[in-house]
Amino acid sequence: MAGSRQLIVVANRLPVRRVTVDGQPQWATSPGGLVSALAPVMSERPESLWVGWTGAAGNAPAPFTHDGINLHPVELSRADVELYYEGFSNGTLWPLYHDAISQPEYHRTWWDTYVKVNRRFADAVLSVADPDAVVWVHDYQLQLVPGMLREASPDLRIGFFFHTPFPARELFLRLPWRSRVVRALLGADLLGFQSEVGAHNFRHVVPRVIDSDDLEVEVGDEDISFVGRTVRTRNLPIGIDFDRFEAGASTPDAADHQAELRAQLNQPRRVLLGVDRLDYTKGIERRLRAYNELLSEDRVSADDTVLIQIAEPSRSNVNGYAEIRGAVEQMVGEINGRHGTMARPAVHYLHRSHSFDELMGFYRLADVMLVTPFRDGMNLVAKEYVATRFDDTGVLVLSEFAGAAHELHDAVLVNPYDIDGLKEAIEYAVFMPMEEQTRRMTAMRTAIETNSSAAWARGFLEILESA
Ligand code: G6P
């Protein structure tokens, strides 16, 4: 019966982070979307638990419970962080899976540690799993875990979800360890992707990396038969907790915060907003360049319009991230140097993370939301913004290359590589009449309201358990 088996979630990160309250270190639930998706299904099942890393190198704490979720920490040494997390996960796979926007590096020492750490996650699962448990593995950091689990405990029900894109075949084939990765993924019963393109790319890769004389493999329209088992591949785009964002933006506190921010900004007529992890996939610098040109050409005026760019610090030790930070900050300096005044900078740049409540104020404040990544598995910020717009106002400018574009057809869609196209899209958004804003926003809200994160998790598990 669905729902009666033990559920084990495996993700690189646990859904908690260390914070200091009144001088005391404590755990706090992470703001990420995954925990809001999984908490409801975990609470319905006996002995569910989440296996992952705390985010700090060195000794892992003993298993503990936070906010009703049983957490099982996996230890990563300083060297593991460097070779597995910063190295293979974020220096090889992340850029490769995002269309090689930054050059992936291939190092055998990184791969060896990736194997070793994936084994540690698999062993952690095996140490606590019932023989028929449902194990749901998440994302590119842990692609070898399904195969390791299958080998050790054949009766487990194993699902895997890619939060990133899965790249085009010719890109994936560059990976020196491609065959090991694909075979391990085929240890799963269900492979979920953010878009049909990702699922298609994966199916396309399989015959090229697995020799069918050697191992029995057959790729169908959706299912792959591999050594006598069926591996399902499905397009299952992740949703958000729509109600939480809508309600969070409707509180008196969010309204106060919005008013306070507007006053601090000297009551601009229009506010544009970007909210991203500071990552080279997000297209922040190019977006700023487009804005700079719009100001220079007097198509938008810094007298009545302001851009706020929130850039959450991320992966600062990984190659490429320091460079993108330098480029973004230089561009902010250039725009303000040219177009800002003492009282009114043209761009406000905030290089830090913000709480949920603060974010609600920013989303409410934003007349135009700019989400222009070069490549993105989904981009939950785009959906969050839409969910907070309970009065059906506001405009979303959205990259065609974000997974969210498959659902949000009524955004102003843009090719983020095309500076002239970006400028036109931003200008169009800034001056969009209210009637059109309402029409588009209503349609976007309808499109995402039904695919809530909890419904997404339930849907995934239903397919996984229905074999
Ligand atoms: C992306 C990935 C996640 C990752 C997150 C934050 O959304 O798909 O797996 O957890 O970025 O990155 P970090 O490296 O800080 O975990």
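**A predicted chain, from its surface to one buried threonine**

The protein chain exposes about 19000 Å², and carbon and sulfur atoms supply 47% of that area. These values, like those that follow, are computed from a predicted model.

Turning from the surface to the overall dimensions, the C-alpha trace of the protein chain spans about 65 × 45 × 45 Å along its principal axes. For 467 residues a compact globule would be expected to have a radius of gyration near 23 Å, and because the protein chain has 23 Å, the value agrees with that expectation. Within the chain there are 16 helices and 18 strands, and buried residues make up 57% of the 467 residues. Among the contacts in the protein chain with a separation of 6 or more, 73% are accounted for by residues 24 or more positions apart.

The charges can be described in a similar way: the protein chain carries 46 positive and 65 negative charges, and the mean positions of these two sets are 3 Å apart.

A single residue, threonine 388, brings the description down to local detail. Threonine 388 lies in helix H13, which covers residues 380-388. Is threonine 388 buried or exposed? Its relative accessible area is 0%, and because buried means under 20%, threonine 388 counts as buried. Leaving aside residues up to four places away in sequence, threonine 388 touches Phe245, Ala249, Met360, Tyr363, Arg364 and Arg445, so that a reader who selects this residue in the structure can find these six side by side with the helix position described above.

Definitions and conventions: Residues numbered from 1 in each chain as written. Predicted model: local features only at pLDDT ≥ 70, side-chain atom pairs only at ≥ 80, totals over all residues. Heavy atoms only, no water. Helix = DSSP H or I, 4+ residues; strand = E, 2+ residues; numbered from the N terminus. Rg over C-alpha atoms; globule rule 2.2 N^0.38 Å. Buried < 20%, exposed > 50% of the residue type's maximum accessible area, 1.4 Å probe, protein only. Contact = heavy atoms within 4.5 Å. Areas by Shrake-Rupley, 256 points an atom, 1.4 Å probe, with all protein chains shown as cover. Lys, Arg positive; Asp, Glu negative; His and termini not counted. Charge placed at Lys NZ, Arg CZ, Asp CG, Glu CD.
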